[in-house]
Amino acid sequence: MNDKYLTYNAVELAQDAAFIRWAKAGEARYAAQWEAWLARHPEKWQAVEEARLLVHALVIKEEPANPERIARIWGKIDAATGESAAQASPPGLKAWRWLGYAAAAALALLLAFFFLRPDGTAVLEAPYGQMAEHRLPDGSRVQLNAGSSIRYQENAWPGTRKLRLEGEAFFEVEKGKPFIVETPQGSVEVLGTSFNVNTFEGRFDVRCYTGRVQVTVDENQEILTAGQQALWAGNGWQRNNFEASAPPAWQSGRFEYHGTPLREVFAEMERQFDIRIDAPDSILSRTYTGAYERNALDSALYRVCWPMNLEASRQGDVVVVRAAGASPQPGSPGEGE
Amino acid sequence: MSEALLWSQLREGRKTALEALYRAHAPVLLQYGGKFSADRQLVEDCVQDLFVDLWQRRAQLSEVSSVQSYLLVAMRRRVVRQLGRRQKRETAEEPEEQQFDCEIAIDEQIAARELSKEQHLKLKEALQQLSPRQKEAIYLKYQLGMDYEDIGQAMDISYQSVRNLAHSALSRLRELLIRGWWLPPWIFFGFF
């Protein structure tokens, strides 16, 4: 932590951007830093408390955003800008190009937890709130969604290209020997291709973006080509087609749902924002259709909860979700009034 | 992180990026614009024009350090220009500087815990006496989390002026807000 803060008084601290983010939003990644700093400099406790009070004391009355108004204006912008999303994409946009952007962006924040165990097992973990990108020993690339991990025997590569995945990942595989992804649900085998595997919450969802992919659960096998998706339904494969020219939405930081149980939506939000969501079982099986971006937690909560007639209140990294009008949580900050 | 990605996708002509940016920022832009004018239609038109213009000029956009700051600066310019034009049209006079207005209050829970009635009243008065510029600086800083350089750019004043605006407002607030027992311990030892 920067020791410029040693010279700061309460008024100066209360104007520091990093301090405000911590004091206001209680962002977890700042909290640890500040607490460690305070432990080293206990004499600054008073200035910090005063500054926190200042930051919290100011309340600016704000009219809440009206979703209908937002949607109406977008309708006008959409009409005035003409082309649809699909047409607007340059046709030659290659998969690796957006992968490059995603990777560059990911690397900026990346605290990829990659380590090699004494027994030669390589482990890569993307913790909650972060994504990770990794190049395998054969040059193949893997992008891990938040809350996911892969492990593999490094010295076996490239003779045997095999790794174990938990969570969700997008692979771009170099040509060569069979490339095998094992998951708790089943396995995926390819030669050279790009594909997405999602195993969150017990699902097994494989989407092939280029080339061919073979998916296996016990004795049940399916072959997928570009634009095909296989979803394990518990007793057999369910096949669908999807738009393979766009990257998996999670990579661009946008999460889309179509009739998805809130249980799964909240689980993804917990991984993306590194928070804990506390919601009664009675609402978890309700289904949600919509989308949010991973850059703003408050907006994401709003976009999921508002159409479902739910209320969310946030206290640090714990979010309590209740049916609107249910008994309010005492003293929950960040809820305006 | 994904803001930068969306911005580069916008520059490449992805309309999904335009929509994502709109949805992420429209609420704040509408609120900020509304602080200059109660005319909701005018504010909405400014947001609409801003994003249409962003799309049309996407190929010429450069990289930005903060998308939100970029949009807020652009929004402020639009609203102020529109209001100036209208004033000129209606009164045939040179427009005066546009006034930012928002209600800054003291959090009720903190007031109840930390302040006497008299102190609270004093604070309310002090907050009402803040100039429009001080209010705007505080709004951009605390409500929207902008840094002083971006605020200076938005308000078209120097970095140092923004700091002075905010610093004087906060010092006054601290003076009024912090009670006696917050004073450092050496004050008490001084008696012995």
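Here is a short walk through a predicted model with chains A and B, starting where they meet and ending in the cores.

Let us begin with the contact between the chains. Chain A brings 47 residues to it, and chain B brings 52 residues. On the side of chain A that touches chain B, several elements supply at least two residues each: the helices H1 (10-13), H2 (17-25), H4 (45-57), H5 (67-80), H6 (85-88) and H7 (95-109), together with strand S1 (58-60). Helix H4 of chain A gives the most to this side, with seven residues. If you sort the residues of that side by kind, you will find 27 nonpolar, ten polar and ten charged.

Strand S1 of chain A deserves a second look. S1(A) pairs with strand S1 of chain B (residues 104-106), in the antiparallel sense and over three bridges. To find the spot, look for A:Ile60, which stands opposite B:Ile104.

Now turn to the nonpolar cores. In soluble globular proteins, nonpolar side chains tend to be buried together. Here the largest nonpolar core has 84 residues. Those with the most contacts inside this core come from either chain: A:Ala14, A:Ala51 and A:Leu54, along with B:Leu21, B:Val47, B:Met75 and B:Ile138. Helix H2 of chain B (residues 15-34) gives the most to this core, with ten residues. Apart from this core lies another, of 32 residues, including A:Leu124, A:Ile150, A:Phe170 and A:Phe179.

For a last stop, try B:Val47. Leaving aside residues up to four places away in sequence, B:Val47 touches A:Ile73 as well as B:Ala26, B:Leu29, B:Leu30 and B:Gly33.

Key
Residues numbered from 1 in each chain as written. Chains lettered and ligands numbered in written order. Predicted model: local features only at pLDDT ≥ 70, side-chain atom pairs only at ≥ 80, totals over all residues. Core = buried A, V, L, I, M, F, W, Y, C linked by C-beta atoms within 7 Å. Buried ≥ 20, exposed ≤ 12 C-beta atoms within 10 Å, placed from the backbone. Helix = DSSP H or I, 4+ residues; strand = E, 2+ residues; numbered from the N terminus. Contact = placed C-beta atoms within 7 Å. Nonpolar A, V, L, I, M, F, W, Y, C, P; charged D, E, K, R; others polar. Pairing = 2+ DSSP bridges.
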